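This report describes one chain, moving from its overall make-up to its sheets, its cores and its aromatic pairs. The sequence and the structure are shown first.

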Amino acid sequence: MPARRGKSDNQDAAKQLRRDPYDVLGVSRNSTDQEIKSAYRKMALKYHPDKNANDPQAADMFKEVTFSYNILSDPDKRRQYDTAGFEAVESESQDLELDLSSLGTVNTMFAALFSKLGVPIKTTVSATVLEEALNGAVTICQLPLGQPVVRKVEKQCAHFYSASITEEEVQSGFVCRVQSSDKSKFKLLYFDQEENCGLSLALQEDSAKTGKVTSAGMYFLGFPVYRLDQVANSMAAAKDPDTAFFKKLDGFQPCEITELKAGTHVFAVYGDNFFKSASYSIEALCAAPFTEEKENLRAVETQILSKRVELSKFETEYREVLQQFTEMTSRYAQEMQAIDELLKERNEVHASYTVAPPMKRSSSKSKSRSASKDAQEDGQVRDKKSTTRDRSKKKKWYNIHLKVADKRKPC
């Protein structure tokens, strides 16, 4: 009879069956982040459970594609995998991007609850929206430059906009921004136009809280502009605040596209709320009037990049000092305990220099009780005597003898 496999054996077997993430996504090891992202989105759309409800092989392939993308989309995990393979990657802690439209009401409620409790949850654009865009079955509205548009999009739905820019505007730079005054969650999307008039998702920016609003923006200014992935940092913060601090700028990565060509470009606002619609305002701008802002952005991002390098060096120093501090704190506690024990032992030795019998606590207690009782009785007697004296001193009106002369005349 063959031996029964344990849980660890099954996990080892699963690890051996894993394919190279590069092979799964069909990309080379030198592929850029944008190439990896594009390959993932096409395969995820192909094997999405919504399109393959009764195909278990497609479901497994979807998990494998997602697992591979979670490794290659993270710079640290990709570097670890390239160096030491799967053993260097924490496979059990891979974070999946959830398609809320396919979760169902109950699972969506659980996801909303965890999000409300502060657990960061990555969400992806609905497969239905992506498929409709790929097939060219979406309605696209014109987005005039410099004229904000205010609308409300339903959950897990998208509004599509087209913006036309000239060669002169390309040279000056182009910006598309979205914000929500009621802090709705949304995604700002940018689509490449395919030859068959379809649209394929190329860029995605999740909304983030900035002051009293949530906002997201895409900046095509002709030079490298960076984006900050805050979800990864919030996940690290839930595990270790120190690690979150030192990894805070790791998600600061350059955008895949730095400038747009002259012509028409398609953007979309996707409602990323769990249950309600998202109110938003979208505007497209030519960056020509914002020359000073462009220079400030370039300068600030340069400082952030240098600060990221400094932070990496500072982490090494901090860890060393923290280890020393931990050791000193532990020694401090040990020394304090040792001193207290020695002083206690010293007091006991001092107390042993006597020939008198030890005092009984019970007798002292009884004496104190009797003394307090006597004092109480004496007090009651004094109070009684004082009250009798006071009574004797007081004169009562009905005890006063009055002498009245008899003035009546004899008859």
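Two strands are taken to pair if DSSP finds at least two bridges between them. By that criterion β3 and β11 are paired, since 8 bridges join the two strands, which run antiparallel.

## The model as a whole

The structure is a predicted model, and its local features are described where pLDDT is at least 70. The chain holds 12 helices and 12 strands, and 31% of its 411 residues count as buried. About 28000 Å² of the chain is exposed, with carbon and sulfur atoms supplying 53% of that area.

Contacts between separated parts of the sequence can be described in the same terms. Among contacts in the chain with a separation of 6 or more, 74% are made by residues 24 or more positions apart.

## The mixed sheet around β11

An open sheet is formed by 5 strands in the order β1-β3-β11-β5-β6, and the pairing within this sheet is mixed. At its edges stand β1 (140–142) and β6, each of which has a single partner strand, so one side of each is left without a neighbour in the sheet. From one strand to the next, the twist averages 30°.

The individual pairings can be followed through the sheet. Between β1 and β3 there are 3 bridges, and these two strands run parallel; here cysteine 141 has tyrosine 161 in β3 as its bridge partner. On the pairing of β3 with β11, histidine 159 stands opposite valine 269 in β11. β5 is joined to β11 by 6 bridges in an antiparallel arrangement, in which phenylalanine 186 has glycine 271 of β11 as its bridge partner. β5 also pairs with β6, in the antiparallel sense and over 7 bridges, and there glutamine 193 stands opposite leucine 199 in β6.

Two strands of this sheet can be described by their burial. In β11, 7 of the 9 residues are buried, so this strand is largely enclosed by the rest of the structure; in β3 the count is 6 of 8 residues, so β3 too is largely enclosed by the rest of the structure. Helix α7 (residues 127–134) lies across β3, β5, β6 and β11, and runs at about 140° to β6.

## The antiparallel sheet

Another set of 5 strands forms an open sheet in the order β2-β12-β4-β8-β7, with antiparallel pairing. Its edge strands are β2 (149–153) and β7 (208–210), each of which pairs on one side only. Neighbouring strands of this sheet are turned against each other by 35° on average, direction ignored.

Within this sheet, β4 and β12 pair in the antiparallel sense over 6 bridges, and the bridge partner of valine 175 in β12 is leucine 285.

## Nonpolar cores

The largest nonpolar core has 24 residues, of which Phe174, Phe267 and Ile282 touch the most other members. Two or more residues each are given to this core by β3 (158–165), β4 (174–180), β5 (186–193), β6 (199–206), β8 (213–220), β11 (263–271) and β12 (278–286). The strand that gives the most is β12, with 4 residues. Apart from this core lies another, of 20 residues, which includes Val27, Ala39, Phe62 and Ile71. In soluble globular proteins, nonpolar side chains tend to be buried together.

The surroundings of phenylalanine 267 can be listed in detail. Leaving aside residues up to four places away in sequence, phenylalanine 267 touches His159, Phe160, Tyr161, Phe174, Cys176, Leu189, Tyr190, Met218, Phe220 and Leu260.

## Aromatic pairs

With ring centres required to lie within 6.5 Å, the count comes to 13 aromatic pairs. For tyrosine 22 and tyrosine 81, the ring centres are 6.4 Å apart and the planes stand at 40°, so the pair is tilted. This pair links distant parts of the chain, with tyrosine 22 in helix α2 (residues 21–25) and tyrosine 81 in helix α5 (residues 75–84), 59 residues apart. Both tyrosine 22 and tyrosine 81 are buried.

Ring pairs also link Phe174, Tyr190, Phe220 and Phe267 into a cluster. Of these, Phe174 and Phe267 were named above among the residues that touch the most other members of the largest nonpolar core.

Notes:
Residues are numbered from 1 along each chain as its sequence is written. This is a predicted model: local features need pLDDT of at least 70, side-chain atom pairs count only at pLDDT 80 or more; totals for chains, interfaces and linings use all residues. Side-chain values use heavy atoms; hydrogens and water are left out. A nonpolar core is a set of buried Ala, Val, Leu, Ile, Met, Phe, Trp, Tyr and Cys residues joined through side-chain atoms within 4.5 Å. Buried means under 20% relative accessible area, exposed over 50%, partly exposed in between (1.4 Å probe, protein chains only). Contact means heavy atoms within 4.5 Å. Axes are lines fitted to C-alpha atoms, for helices over the stretch in contact, and angles run from 0 to 180 degrees between N-to-C directions. Accessible areas come from the Shrake-Rupley method with a 1.4 Å probe; for residues, only the protein chains shown count as cover. Rings of Phe, Tyr and Trp (its six-membered ring) pair if their centres lie within 6.5 Å; planes under 30 degrees apart count as stacked, over 60 as edge-to-face and the rest as tilted.
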